[in-house]
Amino acid sequence: MRKLVPFAAFLLSLAFTAHARDKVVIQQYQGTYGNAAAVVAAKLGMCERNGLDCEIKYINSGPLGLQALVGKSIDVAFVGSDTLVTGIARGAKIQMVYAGYQPLTLSLVARNDVPLQKGSIRDTLQQLKGKKIGVTLRGAQTELHFVSLASAAGMKASDFTIVPVGGPSTAYTALTVGKSVDAMMIMNPLKQICVVAKTCQLVFDSDTVDWPPELRAMNGGSVAMAMRTETIESNPDLARRFIQAMSEANAWIRDTKNRAAVTELLAPSMTLGEIPDADAVRQAWLDNDIAQMGDGKLSRPAIQGVVDYLAGQGLIDTRPAVSSIVYSGAP
């Protein structure tokens, strides 16, 4: 029997080696907190511990991330749930496996020289009528949510000029330096820059106004990680191990004892250039994104809210079942 022990150990070694060869290419956004769980898991060994070789690939828009996932140049996309559901309704064979952000994360910010009397969504957007509004990419969550806000204000997308400005770094330049847009619907850290550095103005976010009911219904599943269905079905153990690695990274990030380490680990990619009070901006940015990340659980009612929102806007012709959108093993 003793002779079997080294052989058993050899088999375990082979199994670990096989798992270690499971390479997973994961989307992240340059210059953002974004998919921090994947970055932490790749750098601190959560991926390796779960038999994964995690590679981070920077793709700075949701629609392009979805395209890369379907085209098999990445294995995990980190994308707004409305973009993912739209893709699924149009035939993309993908499923959500883990939450990226739970609440609605976008903010409307404007240049300091745009005169605004801040009030309700309706009052504010009426003042921006005819202005140039920046979004990350046409058709992205930033545009969809702005159009929904305009509708709630009794306005149409055609009342504004929608301009794609890319991710936060290029968006900030477009707003404050090039002044090619007057305001923009955008993710962090533009909100923190406006509030802390005061080089732009925060018009409103989910803390300052009530989103329209159709947007509020999506709270709990705003952004998600998604994998191809064929990957999940052909290798459910890989999907399980990926979820475990993300859960370990998520718990490490949200542990307040690790806040300084999180800051040190992510700061190099969360560059702010010559923005005033950059350290204070970065800390406010980190704190807000960690809160928005939540515990990684995907709210099924929230995903139903996404389906209802897209159908109500006429953006999808069919209503895929939530059970087909969210992987059964997802938290």
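**From a buried tyrosine to the sheet and cavity around it**

Tyrosine 101 is buried, with a relative accessible area of 8%, where a residue counts as buried if that value is under 20%. The model in which this tyrosine sits is a predicted one, and the values that follow are computed from it. Phenylalanine 78 is likewise buried, at a relative accessible area of 4%.

How many aromatic pairs does a search of the whole structure find? The search returns four. One of them joins phenylalanine 78 and tyrosine 101, whose ring centres lie 5.9 Å apart and whose planes meet at 70°, so the pair is edge-to-face. Because phenylalanine 78 belongs to strand β3 and tyrosine 101 to strand β4, this pair ties together parts that are 23 residues apart in sequence. Ring pairs also bring in Tyr29, which together with Phe78 and Tyr101 makes up a cluster.

The two strands that carry this pair belong to one sheet. It is an open sheet of three strands in the order β3-β10-β4, with antiparallel pairing. Strands β3 (77-80) and β4 (94-101) stand at the edges and have a single partner strand each, so one side of each is left without a neighbour in the sheet. From one strand to the next, the twist averages 35°. Between β4 and strand β10 (residues 223-228), the antiparallel pairing runs over six bridges, and within it methionine 96 has alanine 226 of β10 as its bridge partner. Helix α5 (residues 81-89) packs on this sheet and touches β3, β4 and β10, while its direction makes about 100° with that of β3.

Threonine 229 is found in helix α11 (residues 229-234). Is this threonine buried or exposed? Its relative accessibility is 16%, and threonine 229 therefore counts as buried. Once the neighbours within four places in sequence are left aside, threonine 229 is in contact with Lys93, Ile94 and Gln95.

The sheet also leads to the interior space of the model. The structure holds two cavities of 30 Å³ or more, and the largest has a volume of about 300 Å³. Of the 23 residues that line this largest cavity, Tyr29, Leu106, Gln141, Met187 and Val223 are the closest to its centre. Tyr29 is thus named both here and in the aromatic cluster with Phe78 and Tyr101. At least two lining residues of the largest cavity come from each of α4 (62-70), β3, α7 and α14 (278-293), and it is β3 that gives the largest share, three residues.

A second pairing sense appears in another part of the chain. Strand β1 (residues 22-28) has six of its seven residues buried, so this strand is largely enclosed by the rest of the structure. Strands β1 and β2 (residues 52-58) pair in the parallel sense over seven bridges, and the bridge partner of lysine 23 in β2 is aspartate 53.

One more aromatic pair can be set beside the pair from which this account began, in which tyrosine 101 is buried with a relative accessible area of 8%. The rings of phenylalanine 146 and phenylalanine 160 have centres 5.0 Å apart and planes at 80°, so this pair is edge-to-face. It links distant parts of the chain, since phenylalanine 146 lies in helix α7 (residues 141-152) and phenylalanine 160 in the loop between α7 and β7 (161-164), 14 residues apart. Both phenylalanine 146 and phenylalanine 160 are buried.

How values were computed: Residues numbered from 1 in each chain as written. Predicted model: local features only at pLDDT ≥ 70, side-chain atom pairs only at ≥ 80, totals over all residues. Heavy atoms only, no water. Helix = DSSP H or I, 4+ residues; strand = E, 2+ residues; numbered from the N terminus. Buried < 20%, exposed > 50% of the residue type's maximum accessible area, 1.4 Å probe, protein only. Contact = heavy atoms within 4.5 Å. Pairing = 2+ DSSP bridges. Axes fitted to C-alpha atoms, helices over the stretch in contact; angles between N-to-C directions. Phe/Tyr/Trp six-rings, centres within 6.5 Å; stacked < 30°, edge-to-face > 60°. 1 Å grid on protein atoms, 1.4 Å probe; cavity = no way out; pocket = protein on both sides within 12 Å on 5 of 7 lines; lining within 4 Å. Points joined across faces, edges and corners; volume = space filled by probe spheres on them.
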